[in-house]
Amino acid sequence: ALPIYHAVGCRQLLLNDLQELTSVTSLMGSKVNVTVKKDGTVYLNNDAKVITSDVITRTGIIHFIDRVLQPYALEKQSTRRAYSTANVTEAARNYGYTVFSKLLQDANLIAMVNDPLHRPYTMLWPTDAAFNALSEDRQRYLYHEDRKS
C-alpha cells in the first residue's frame with residue numbers, strides 16, 4: 001500500500017513543522033526520516049526533496065516531493081497557493097499531478113483521506129515525474145492489478 005506510506009494521519013504539518021522533526025510515522029506505520037539541509041531544504045528518507053510546500057486544502061496539507069518514497073519493506077516553483085476549499089486530489093490536479101491520485105483511487109483510499117476522522121493530515125505527494133522516473137520493473141510492480149484495492 002504505497003499510497004499510505006505517503007500520508008501522515010491526524011497531524012497538520014507545515015514545512016516549518018517538518019523542519020523541526022527528524023522523522024514522522026506514515027499511516028502505513030513506517031518511519032519517514034526528515035532531513036533539513038543548511039539552506040532549509042527538506043528531504044524525506046534522504047532522497048525525496050520537498051519541492052512545493054504548505055498547499056493547504058479543505059482536508060489537509062500537501063507537500064509535493066520529487067521522488068516516490070520507497071518503504072523499506074518494498075526495497076531489496078515553491079509558489080504557495082491556498083486551496084482551502086479543495087480536497088487533496090483537486091489541489092494536486094491543479095498543480096498538474098495526477099498519478100498519485102489514481103493510485104489512491106485504485107487502492108480505494110479516497111474515502112479514507114476524505115474521512116473527517118483522519119483530519120487534519122499531511123500528504124507527502126510524489127510528482128508525476130517522480131513516478132515516471134521509476135524503473136520499468138518498479139512501475140510494473142506498482143501498477144499491477146494485485147496492488148489495487
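Q: How many of the 10 residues of strand S5 are buried?
A: Strands are DSSP runs of E with at least two residues, helices are runs of H or I with at least four, and both are numbered from the N terminus. Buried means under 20% relative accessible area, exposed means over 50%, and partly exposed lies in between (1.4 Å probe, protein chains only). S5 is largely enclosed by the rest of the structure, because its buried residues number seven.

Q: What is the mean pLDDT of the chain?
A: This is a predicted model: local features need pLDDT (the predictor's confidence in each residue, from 0 to 100) of at least 70, side-chain atom pairs count only at pLDDT 80 or more, and totals for chains, interfaces and linings use all residues. Residues are numbered from 1 along each chain as its sequence is written, and side-chain values use heavy atoms, without hydrogens and water. In the chain, 87% of residues reach 70 or more, and the mean is 82.

Q: Which strand has the lowest confidence?
A: Confidence is highest in strand S4 (residues 42–44), at a mean of 97. Over residues 73–83, by contrast, pLDDT is below 50. The lowest mean, 45, falls at residues 82–83, in strand S7.

Q: How many bridges join S5 to strand S6?
A: Two strands pair if DSSP finds at least two bridges between them. S5 and S6 form a hairpin with three residues between them, and isoleucine 56 has isoleucine 61 in S6 as its bridge partner. The two strands run antiparallel, and the bridges number four.

Q: Which residue in S5 stands opposite tyrosine 43?
A: S4 and S5 pair in the antiparallel sense over two bridges. They form a hairpin with three residues between them, and asparagine 45 in the turn has a positive phi of about 55°. Opposite tyrosine 43 stands lysine 49.

Q: Is asparagine 46 buried or exposed?
A: Asparagine 46 lies in the loop between S4 and S5. Its phi is positive, about 55°, although it is not a glycine. Its relative accessibility is 55%, so it counts as exposed.

Q: Is aspartate 54 buried or exposed?
A: Aspartate 54 sits in strand S5. It is not a glycine, yet its phi is positive, about 60°. Its relative accessibility is 10%, so it counts as buried.

Q: Which helix gives the largest share of the largest nonpolar core?
A: A nonpolar core is a set of buried Ala, Val, Leu, Ile, Met, Phe, Trp, Tyr and Cys residues joined through side-chain atoms within 4.5 Å. This core has 26 residues; Ile62, Phe64, Val88, Phe100, Met123, Trp125 and Phe131 touch the most other members. Elements giving two or more residues are H1, S6 (61–65), H3, H4, S8 and H6. The largest share, four residues, comes from H4.

Q: How many of the eight residues of helix H4 are buried?
A: The buried ones are Val99, Phe100, Ser101, Leu103, Leu104 and Asp106. Their cover includes helices H1 (2–5), H3 (88–94), H5 (110–114), H6 (128–132) and H7 (136–143), as well as strand S8 (122–126). H4 (residues 99–106) is largely enclosed by the rest of the structure, because its buried residues number six.

Q: Which tryptophan is in contact with isoleucine 62?
A: Contact means heavy atoms within 4.5 Å. Neighbours within four places in sequence are left aside here. The contacts of isoleucine 62 include Asp54, Val88, Met123 and Trp125.
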